[in-house]
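Trainee: I would like to learn how to read a ligand site and its surroundings. Could you take me through one slowly?

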Amino acid sequence: MAATDPQIVTTSLPTGLALVEREIAAACRDARRDRASVTLVAVSKTFAADDIVPVIAAGQTVFGENRVQEAKAKWPALTAAHPGLELHLIGPLQSNKAKEAVALFDAIHSVDRPSLCEALAREIEKQARKPQLFVQLNTGEEPQKAGIAPQDADDFIARCRSAYGLEIAGLMCIPPVEDAPGPHFALTAKIAARNGLKLLSMGMSADFAIAIQFGATHVRVGSAIFGHRPPLTAR
Ligand SMILES: *Cc1c(COP(=O)(O)O)cnc(C)c1O
């Protein structure tokens, strides 16, 4: 898009992105952190290419999707048209989709069981691709939620490394909706530190500023950028 065309700029300026950027900058200042230490992952799940292109045009380069099939349908054309984009998988991954996931994504935030580790290790070797890997923690120990329980995290991370030769870059968590998120972020940061992990994927539209206080390096923000999504059942 021609950034000099005033008509196009005024009709497609993504306000959500600008507001999120402003809040990230303020949270970084409050926490005395460098803005460059926080990566904004713009979560575009359920949104069509037409909604995503203005956000790319505004300078956003890192995007998140929660389903392999949806990402596969949407992103190859977008990445071909806009070189330099990074695509992150933030949703659960079935082992039988590891091949597609390794081919498509630059980061996977949902490593949470040995069978998936095995499938990922095989594809990483075969495809000679190296997506950044995050182990997902279930800090609230919610039965319906994916992720490793906090008390099993050290063992699981060690096993990822020793049994599967995976390089784990960081941890991801999704606090229970009814809880204050701070303690979940703090616990995730503590487990990362004692396992020598530098990256922390935590914080969504409602709580990314708090996550930045607790050291988030990746905030996954969807609705605050793109607007409300249709309900889960309609996806
Ligand atoms: C959808 C989703 C997000 C973004 O949620 P918002 O509340 O819209 O910001 C972040 N992380 C994961 C894992 C998601 O599935």
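**Reading the ligand site**

Mentor: Let us begin with a single polar pair, keeping in mind that this is a predicted model: in serine 205, a polar side-chain atom lies 2.5 Å from an oxygen atom of the ligand.

Trainee: Which distances do the side chains of arginine 220 and arginine 229 keep to the ligand?

Mentor: An N or O atom in the side chain of arginine 220 is 2.9 Å from a nitrogen atom of the ligand, while for arginine 229 an N or O atom of the side chain is 2.7 Å from an oxygen atom of the ligand. Of the 390 Å² of accessible area that the ligand has on its own, the protein covers 88%.

Trainee: Which pocket does the ligand take up, and which residues surround the ligand there?

Mentor: The ligand occupies the space of the largest pocket, and the residues around it include Val43, Lys45, Ile90, Ile174, Met204 and Gly222. Sorted by character, the shell around the ligand holds five nonpolar, three polar and three charged residues.

Trainee: Turning to another residue, where is alanine 189 placed, and what does it touch?

Mentor: Alanine 189 belongs to helix α8, which spans residues 182-194, and, leaving aside residues up to four places away in sequence, alanine 189 touches Leu200 and Phe214.

Trainee: How far is alanine 189 from leucine 19, in sequence and in space?

Mentor: The two are 170 residues apart in sequence, and from C-alpha to C-alpha they are 26 Å apart in space.

Conventions. Residues are numbered from 1 along each chain as its sequence is written. This is a predicted model: local features need pLDDT of at least 70, side-chain atom pairs count only at pLDDT 80 or more; totals for chains, interfaces and linings use all residues. Side-chain values use heavy atoms; hydrogens and water are left out. A residue is near a molecule or strand if one of its heavy atoms lies within 4 Å of it. A polar contact is a pair of N or O atoms within 3.5 Å; within protein, one must be able to donate a hydrogen and the other to accept it, and residues adjacent in sequence count only if both atoms are side-chain atoms. Accessible areas come from the Shrake-Rupley method with a 1.4 Å probe; for residues, only the protein chains shown count as cover. On a 1 Å grid over the protein atoms alone, a cavity is a set of points where a 1.4 Å probe fits but cannot get out, and a pocket is an open set with protein on both sides within 12 Å along at least five of seven lines; lining residues have an atom within 4 Å of a point. A molecule sits in a cavity or pocket if more than half of its atoms lie within 2 Å of its grid points. Ala, Val, Leu, Ile, Met, Phe, Trp, Tyr, Cys and Pro count as nonpolar, Asp, Glu, Lys and Arg as charged, and the others, Gly among them, as polar. Helices (H or I, at least four residues) and strands (E, at least two) are DSSP runs, numbered from the N terminus. Contact means heavy atoms within 4.5 Å.
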